[in-house]
Structures are given as C-alpha cells and as structure tokens.
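Here's a short set of exercises to work through with the model open in your viewer. Try each task before you read its solution.

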Amino acid sequence: MANKYKGEVKLKLGGKELILRPTFGALAEIEDRSGKYITEIFGELERGRVSIKVLAVIISSGAAAANPDEAPTLNEAGDAIRKDGMLAIMKQRDDEGHSPLAQFLLYAITGDEKEPVKQNPPDPEPSAPGSE
C-alpha cells in the first residue's frame, strides 16, 4: 500500500502493482540516468512526450527506493512498458484521477506542499526597529 505521507504512488506494470517512492537517491538517479531535470521530465510527461527510456528510469528508480528486493531493473521496466504499451502506463489514474507518474514527480517538485509552490513569493515586511 502506498504511503502518501512519504510521497509514494502505486503503478501497475506487467501485471504487478509497484510502489514508487520519491527519495533523494531515486530522484538523483532519475536525473543522472535520463540527463534531464525532474521539472523537464514532469513537463514532458504532462505533454505526453516522454521517452520509453525515461519512463523506465522513473519506474525502476522509484520502485527501488520503495522496495529494492522487488523492483524491476531498467531493462525489466522497459520490457514491461513495451508489453503493456506506453500509452497504457501514461493513462493510469489513481482513485482521485491523478496520474501516478505525474504525482511521483510532483511530490519531488512541491515537497510536502498540498498546493503548488508559488514562484517568487513577496519578501516579508521588515519589522520596525525595537518592535521585536
């Protein structure tokens, strides 16, 4: 069972249900192996323009972070994606209608925030001297 408090998501692949966990190690591995930033991959996924290699990297790295003994290797994940079909993997939705792969990456981007992080928040008002 996926633990939402750890950012975990469930994904079906090759007839199995996998748990993906967005740890620092998994995210760094995804960036290293894909040669792309997490934010780039998220945008590609949202546009439906992600490669099979990147999907396999996300799945194998995220699954290894959650359960290293049962995680598919990169080649196993790639073969399962090919058999299931990339579109079937990318179209999966959780109980709330969200893409598990997008949610996995979104947890990395927004952290524990429930709402998207606002860019360039205003600077806090300086306090008047002696008011502290």
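**Exercise 1. Find what share of the protein counts as buried, then lay out its elements.**

Step one: of the 132 residues, 36% count as buried, where buried means under 20% relative accessible area, exposed over 50% and partly exposed in between (1.4 Å probe, protein chains only). Keep in mind that this is a predicted model: local features need pLDDT of at least 70, side-chain atom pairs count only at pLDDT 80 or more, and totals for chains, interfaces and linings use all residues. Residues are numbered from 1 along each chain as its sequence is written, and side-chain values use heavy atoms, with hydrogens and water left out.

Step two: count 6 helices and 2 strands, taking helices (H or I, at least four residues) and strands (E, at least two) as DSSP runs numbered from the N terminus. Along the sequence they read β-β-α-α-α-α-α-α.

**Exercise 2. Work out how β1 sits against β2, and which way its side chains point.**

Start with the pairing: β1 and β2 run antiparallel, over 5 bridges (two strands pair if DSSP finds at least two bridges between them). One bridge to look up is the one from Val-9, whose partner in β2 is Leu-20. The hairpin has 2 residues between its strands, and Gly-14 there takes a positive phi near 60 degrees.

Now follow the side chains along β1. Val-9, Leu-11 and Leu-13 point to one face and are buried, while Lys-10 and Lys-12 point to the other and aren't.

**Exercise 3. Glu-8 comes in the segment before β1; decide whether it is buried or exposed, and find its polar partner.**

First, the area: Glu-8 has a relative accessible area of 6%, so it's buried. Next, the partner: its side chain makes a polar contact with the side chain of Arg-21 at 2.5 Å. (A polar contact is a pair of N or O atoms within 3.5 Å; within protein, one must be able to donate a hydrogen and the other to accept it, and residues adjacent in sequence count only if both atoms are side-chain atoms.)

Last, the surroundings: leaving aside neighbours within four places in sequence, Glu-8 is in contact (heavy atoms within 4.5 Å) with residues including Met-1, Ile-19, Pro-22 and Tyr-107.

For comparison, take Lys-6, also in the segment before β1. Lys-6 is partly exposed at 48%, and it touches Arg-21 and Pro-22, not counting residues up to four places away.

**Exercise 4. Explain why the buried residues of α1 lie on the same side.**

List them: Ala-26, Leu-27, Ile-30 and Ser-34 are the buried ones in α1 (residues 24-34). They cover an arc of only 100 degrees around the axis, which puts them on the same side of α1; the arc is that of the directions from the helix axis to the C-beta atoms. What covers them includes α2, α3 and α6. The face turned away from the buried side carries the exposed residues Phe-24 and Asp-32.

**Exercise 5. Find the residues that touch the most other members of the largest nonpolar core.**

A nonpolar core is a set of buried Ala, Val, Leu, Ile, Met, Phe, Trp, Tyr and Cys residues joined through side-chain atoms within 4.5 Å. This one has 29 residues, and Leu-13, Ile-30, Leu-45, Ile-58, Ile-59, Leu-101 and Phe-104 touch the most other members. The largest share, 7 residues, comes from α3.
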